[in-house]
Amino acid sequence: MMLTFVILGLLLSGSLAWYSDDKPFFGVRFQAKWVALVAVIIFSLIFVFSVYLSPLNFQTLQTIAHVSWINSLNINYTLALDHLSITLIMLTLFLALICILVSWDEIQEKSGFYYFNLLATFAGIIGVFSAVDMFLFFFFWEVMLLPMTALIAIWGHEKRYFAAIKFFIFTQVSSLLMLVAIIAMAYIHQQQVGDLSFSYQDWLSLELNNELALYLMLGFFIAFAVKLPSVPFHSWLPDAHTQAPTAGSVLLAGVLLKTGAYGLIRFVIQLFPQASENFAPIAVTLGVVSILYGAKMAFAQTDFKRLVAYSSISHMGFVMLALFSFNEIAYQGVIVTIVAHGLSSAALFSLAGMIYQRIHSRNLTDMGGFWQSAPRMGGFGLAFAAAAFGLPGLANFVGEFLSLVGAYQVFPVMVILAAFGLIGSAIYGMVLFQKTFQGSSLKTVPDLSCRELIVSSSLLMLLVILGLYPNLLLQYFRGVIL
Amino acid sequence: MSTSPEITNSVILSTEMFIALSPILLLSFGIVLSLLLIAWRRSQKMIALFTQFILVITLLLTIHLLSGDILVGSGTQITTLLNVDRFSYLSFVLICISAFVVVSLSRSVLKSEVEVHDEYYLLILLVVLGAGILVVSDHFASLFLGFEVLSISLVGLVGYFREHEHAVETGFKYLILSATASSFMLLGIAFIYSQTGNLSFAVSSNVMPWSAQPLQIFNSVGILLLFSGIAFKLSLAPFHFWSPDIYQGSPTPITLLMATVSKVAMFTVLIKCCFSQNYFNNESFIEIITVVALLSMLVGNILALKQQNIKRLMAYSSIAHFGYLLIVLTVSSLQNTEFAWQGALFYLSAYLLANIAIFTVLLISEKHRDNMSGDRDIHIVDWHGMFWKNRLSAVLVIFSVLALAGIPLTMGFVGKFYLLNQAVIFKSWWLISGLVIGSGIGLAYYLPLIFALFKDEKTLENQVVDGSGVYLVTTGKQLFMFTLLISSLLFGIFPDLVSQFIYR
């Protein structure tokens, strides 16, 4: 029940933040950001300790809550955890702190409602990472969208409505396909076993013929490929990222894209092993195309956030490539890439936010020479750009390296092509850094404040730790055979 | 009817039948009483209260019957004309609720006019009576009777405020088109009768024309004409042209009446007719349904995209919703009708609640607009910034629009979930694709509507300073809106509360 407590707690403290914003209690004027910050810290601690102290072995899925919900359709409220979901939930909670810290000064208007939406999104994402009843999963999958869309549409930049609608329609239509597949699976379960079931664990034992499995898999695959995003479904991402407020971009890149990767790992590959193996060549091609296309497009951007957004597409291509190689090393690469990209893209978007607050522009042509006036910001900028193009010693390198090594055993040609993406990432990484921090100084900007230092250094620290000692993460994912 | 072979005993209406039919009898009695009331004293307040009273009593009686066990199984047959079962009374409950809301909302609209509006309330009661006859009908004659009572009273209501700009146009349009539709339907019924020799829905198996012999031309034309008559009322795709104009031109409570009472009743009778006539065994009928459903989903959603007038937008969105609902007609066998009914009723209740909510807020802003004078129609622009000024109304609108879009946490999602279940069971992939695409297009106008509530423009901020930007919402209305909000959330998260009631 601990997880339910965390989800509900986040939601309720969000409401509290909304309600109490700017209202005096006992002579103290409450501020939504403090409520949100304290809530996230408390619930993160609760989660970490309860997982740490739990006697369960999270190597396999452990059901930790099971309550019946809609009896007539045999739908239950079931939550389960394993190392994959725990890792992702921890990432989510950590980035939640980052999100609150980066919006600390940025959000001045309607801040109560803002923090409500932010916390509601986290609650929904944690639900997505832990739900194993598919109806419940879908429920959370959609519920996390609503506050996220609100974040983009209310606090975003100039073209925010368009971006929010595009984001919502892409995910909604694709997830309806998934819903159809979910319902079909439930009825297949009814045909084979005798009762309707939406439980993921029940579905693992279903026998599907190849053609049917392919269609059902595609239903899930498209939904997750849109979220990931993979190339033909990516076009919502640059808009959404660019128009979202800083915390929104951090959230999108850091966690929301990971729900797509999580879905691919948990549902597509495990529910339809045969079908995904047959589908692997196409998926891997999509992955490689995403890597190259993302890198190429990133290089051509003049908008800081848009550049980082395209680089996300490129990085998520590695996830897709490695996942569909069905190889243990590649799988470990996927896990590291997911976490590392979560941290590094969050870092770059926070940086974009910090710069935007100073010069009110995201355009690279308005930037340049910031190193002189803000050397600390420049240092972090260099480190984060280096992380994005996979400098050894930082976590992204480990992830990409493992992914490529693992996948090479299965798809050598594809991996060689994908490796060109690394060159591309070095180019766009350097372009990003140079245009922002080097060159003639156009403006003088104040250096990082204490709060911004905390944000940047905590992100960098994690990147370095994971880069130097990836075993911290990998020890939980040994011997996982897909 | 006494010559009908089913009724062998000399009593036409036994006590049991009387009890089963009592809500409708009570309603008719109430109509007579309100006529007498008018003759006795003409008072706006009194007739309104009395109408509400009748509706509440009818509603309570229906719910009482539903919670008893008089309606279990295939229902009570009352002569050949009527058949009362759980499903028909469940939709009658929906009808009564919505009519009650309409009457309550009308009070504030009619207050501003000078005359005494007895006829208005009487006509609303007649509409409800027509709807009641429709939902319990089991015979083409009673179907036609209900249809006409409903339509003719609606014509009166549609053009009720004759001094309004579009009133005469709207009334005439509705009168002529509705009459055309009913004459088509009558012709269809005649064709069907010419082949089967039977006007009752419940065809005994030896004269069932569908499975036994190939479909004769008259029969299929008959069914087609009948369906087109009903499709007109439901404003399904090729017969939808009237609906935006009439939605826009009618007084807002009447638009709500048309969007809910009339459509719920027509859809219920359509399901009843199709299921008991076994139309679903007939492939070409299913094909027609599929085509009409797909057309409605696409046409409704696409035409709604550019609408700025909220009433017109609701008209188009309702076209799409009844397109989705047609999915329940594609059942494959009689065993699945239970599930189909459940899905249809759930979807209808979600649709009803969402419509009631949106039209309530629409009416409030219309009243507000009236005080400020000017154009009567409410456009999306008029709702800008509502979230920051009228939290409750805005949240209500948001939830209702999300329900219409079928997003979780709302009833609309569960309704859509039922429809998808149904479509997956019967492998109607075309309808599924239509639903998915339609919902995708739908979002492109539902979301801007929601975003409009958050838009915060400088001009509007000035209005807040004047105090004129804030709507005056009475406590009663606030309470009502709060109830709507809570119930739609509650039923959306715990759909079992409703489906248990439907299943039992």
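**Exercise 1. Is the crossing of helix 13 of chain A and helix 18 of chain A left-handed or right-handed? Work out how the two helices pack.**

This is a predicted model, in which local features need pLDDT of at least 70, side-chain atom pairs count only at pLDDT 80 or more, and totals for chains, interfaces and linings use all residues. Residues are numbered from 1 along each chain as its sequence is written, with chains lettered from A and ligands numbered from 1 in the order in which they are written.

Solution.
- Step 1. Locate the helices: helix 13 of chain A spans residues 304–323, and helix 18 of chain A spans residues 412–437. Helices are DSSP runs (H or I, at least four residues), as are strands (E, at least two), numbered from the N terminus.
- Step 2. Take the geometry. The axes are 11 Å apart, and the packing angle is about 155 degrees. Axes are lines fitted to C-alpha atoms, for helices over the stretch in contact; angles run from 0 to 180 degrees between N-to-C directions.
- Step 3. Classify the angle. Helix 13 of chain A and helix 18 of chain A are therefore roughly antiparallel. Angles under 35 degrees count as roughly parallel, over 145 as roughly antiparallel, 65 to 115 as roughly perpendicular and the rest as oblique.
- Step 4. Give the hand. The crossing of these two helices is left-handed: the near helix is turned anticlockwise from the far one by less than a right angle, whereas clockwise would be right-handed.
- Step 5. List the contacts. From helix 13 of chain A come Leu307(A), Ser311(A), Ser314(A), Gly317(A) and Leu321(A); they meet residues of helix 18 of chain A including Met414(A), Gly421(A) and Tyr428(A). Contact requires C-beta atoms, placed from the backbone, within 7 Å.
- Step 6. Sort by class. The contact of helix 13 of chain A with helix 18 of chain A has 6 nonpolar, 5 polar and no charged residues. Ala, Val, Leu, Ile, Met, Phe, Trp, Tyr, Cys and Pro count as nonpolar, Asp, Glu, Lys and Arg as charged, and the others, Gly among them, as polar.

**Exercise 2. Describe the packing of helix 4 of chain A and helix 11 of chain A.**

Solution.
- Step 1. Helix 4 (residues 111–130) and helix 11 (residues 246–271) of chain A have axes that come within 10 Å and cross at roughly 15 degrees.
- Step 2. That angle makes helix 4 of chain A roughly parallel to helix 11 of chain A.
- Step 3. The crossing of helix 4 of chain A and helix 11 of chain A is left-handed.
- Step 4. Leu118(A), Ile125(A) and Phe129(A) are among the helix 4 residues that meet helix 11 of chain A, where the partners include Leu251(A) and Tyr262(A).
- Step 5. The residues of this contact divide into 8 nonpolar, 2 polar and no charged.

**Exercise 3. Which helix of chain A gives the most to the side that touches chain B?**

Solution.
- Step 1. Count: 22 residues of chain A are in contact with 21 residues of chain B.
- Step 2. Helix 5 (134–143), helix 6 (145–155) and helix 7 (160–193) of chain A each supply at least two residues of that side.
- Step 3. Helix 7 of chain A gives the most, with 13 residues.
- Step 4. The side of chain A that touches chain B holds 18 nonpolar, 3 polar and 1 charged.

**Exercise 4. Is Gly300(B) buried or exposed?**

Solution.
- Step 1. Place Gly300(B): it lies in helix 11 (residues 283–304) of chain B.
- Step 2. Gly300(B) has 27 C-beta neighbours inside 10 Å, so it counts as buried. The cut-offs are 20 or more other C-beta atoms within 10 Å for buried, 12 or fewer for exposed, and in between for partly exposed.
- Step 3. Beyond its neighbours within four places in sequence, Gly300(B) is in contact with Tyr316(B), Ser317(B), Ile319(B), Ala320(B) and Gly323(B).

Key:
Contact = placed C-beta atoms within 7 Å.
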